[in-house]
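Reader: I would like a close look at one part of this model, the aromatic contact and the core around it. Please set it in the context of the whole chain and keep to what can be computed from the atoms.

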Amino acid sequence: MVRPRIKRIIEKFPNITYYKPAGVPLSVLEEVVITFDELEAIRLTSLKNMSQVDAADKMGVSQPTIHRLILSFEKKITDALINGKAIRIEGGDIMPNRDGTGPAGARGYGRGRGRGQAQGRGQGYGRGRGQGIGRPVNCRCPKCGTTVPHSPGVPCYTRRCPKCGTPMVPE
């Protein structure tokens, strides 16, 4: 039996999660998918000038895992830039908050790498492995319990609670 992946702690999520070459219609573009954990590894090591060991401690993983995430990120970015592909940032085995709350915390929402049913790319929405539990219907505030309807294409964690300002989580 395969050992389950450790959830990677993510502190900073990007506001923009899709980039494409200017002047090229989406219908003819291929996509490269970068995961939130790959982006966080690059952010910590390149923008924050952390060593891989310090970045690994911050994300709750080993240094070799950080190294693999960085290599994967570099390969995907190079492919997108050289071959004119769009870049989508989503998913990964992530936990946004250290307390286990959020899209991939205790509830385990996130985009998996398994053999799901979504969009013909061999990846499905699921609990980190593509089991396909579906997308959330509402976003909920973990602090005060307020719920708001989920907007397709807008991750819950990018929305703030209208009452207390806390980042929302999928319900």
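Author: What follows starts with the overall layout, goes to the aromatic pair and its core, and then turns to the strands and the cysteines.

The model is a predicted one. The protein has 171 residues, of which 40% count as buried. Its secondary structure consists of three helices and 10 strands. Read from the N terminus, the order of elements is β-β-β-α-α-α-β-β-β-β-β-β-β. Of the contacts between residues at least 6 apart in sequence, 49% join residues at least 24 apart. The accessible surface is about 9800 Å², and carbon and sulfur atoms account for 54% of that surface.

Now to the aromatic contact. A pair of aromatic rings is described by the distance of the centres and the angle of the planes. A search of the whole structure returns one such pair. The pair is formed by Phe-13 and Phe-36, with ring centres 5.0 Å apart and planes at 75°, so it is classed as edge-to-face. The angle is what decides the class, because planes over 60 degrees apart count as edge-to-face. The two residues are 23 apart in the chain: Phe-13 sits in the loop between strand E1 (8-9) and E2, and Phe-36 is in helix H1. The pair therefore links distant parts of the chain.

Both rings belong to buried residues, for which the cut-off is under 20% relative accessible area. Phe-13 has a relative accessible area of 14%, so it counts as buried. Phe-36, at 5%, is buried as well. Leaving out residues up to four places away in sequence, Phe-13 touches Phe-36, Ile-94, Pro-96 and Tyr-157.

Phe-13 and Phe-36 are also members of the largest nonpolar core, which has 21 residues. Together with Ile-34, Ala-41, Met-59 and Ile-66, these two touch the most other members. Two or more core residues come from each of strand E3 (31-34), helix H1 (36-47), helix H2 (52-59), helix H3 (63-83) and strand E4 (86-89). H3 gives the largest share, five residues. A second core, separate from this one, has six residues, including Cys-139, Cys-141, Val-148 and Met-168.

Helix H1 also holds Arg-43. Arg-43 has a relative accessibility of 14% and so counts as buried. Apart from neighbours within four places in sequence, Arg-43 is in contact with Glu-11, Lys-12 and Lys-48.

Two of the elements that contribute to the largest core, E3 and E4, pair with each other in the parallel sense over four bridges. Within this pairing, Val-32 stands opposite Ile-87 in E4. E4 also pairs with E2, here in the antiparallel sense and over two bridges. Tyr-18 has Arg-88 in E4 as its bridge partner. The loop between strand E2 (18-19) and E3 contains Val-24. Val-24 has a relative accessible area of 27% and is therefore partly exposed. From Val-24 to Ala-86 the C-alpha distance is 9.6 Å, although 62 residues separate the two in sequence.

A further sheet is formed by three strands. This sheet is open, has the order E9-E8-E10, and is antiparallel in its pairing. Strand E9 (147-149) and strand E10 (169-170) are at the edges with a single partner strand each, so one side of each has no neighbour in the sheet. E9 is joined to strand E8 (residues 138-140) by three bridges. One residue pair in a bridge between E8 and E9 is Arg-140 with Thr-147.

The cysteines come last. A disulfide is a covalent bond between the sulfur atoms of two cysteines. The count of disulfides in this model is zero. For Cys-141, the closest cysteine sulfur is that of Cys-164, at 3.5 Å, which is too far for a bond. Cys-141 has a relative accessible area of 0% and is buried. Cys-144 is likewise in no disulfide, and its nearest cysteine sulfur, in Cys-161, is 3.6 Å away. With a relative accessible area of 40%, Cys-144 is partly exposed. The cut-off applied is a sulfur-to-sulfur distance within 2.5 Å.

Conventions. Residues are numbered from 1 along each chain as its sequence is written. This is a predicted model: local features need pLDDT of at least 70, side-chain atom pairs count only at pLDDT 80 or more; totals for chains, interfaces and linings use all residues. Side-chain values use heavy atoms; hydrogens and water are left out. A nonpolar core is a set of buried Ala, Val, Leu, Ile, Met, Phe, Trp, Tyr and Cys residues joined through side-chain atoms within 4.5 Å. Buried means under 20% relative accessible area, exposed over 50%, partly exposed in between (1.4 Å probe, protein chains only). Contact means heavy atoms within 4.5 Å. Rings of Phe, Tyr and Trp (its six-membered ring) pair if their centres lie within 6.5 Å; planes under 30 degrees apart count as stacked, over 60 as edge-to-face and the rest as tilted. Accessible areas come from the Shrake-Rupley method with a 1.4 Å probe; for residues, only the protein chains shown count as cover. Two strands pair if DSSP finds at least two bridges between them.
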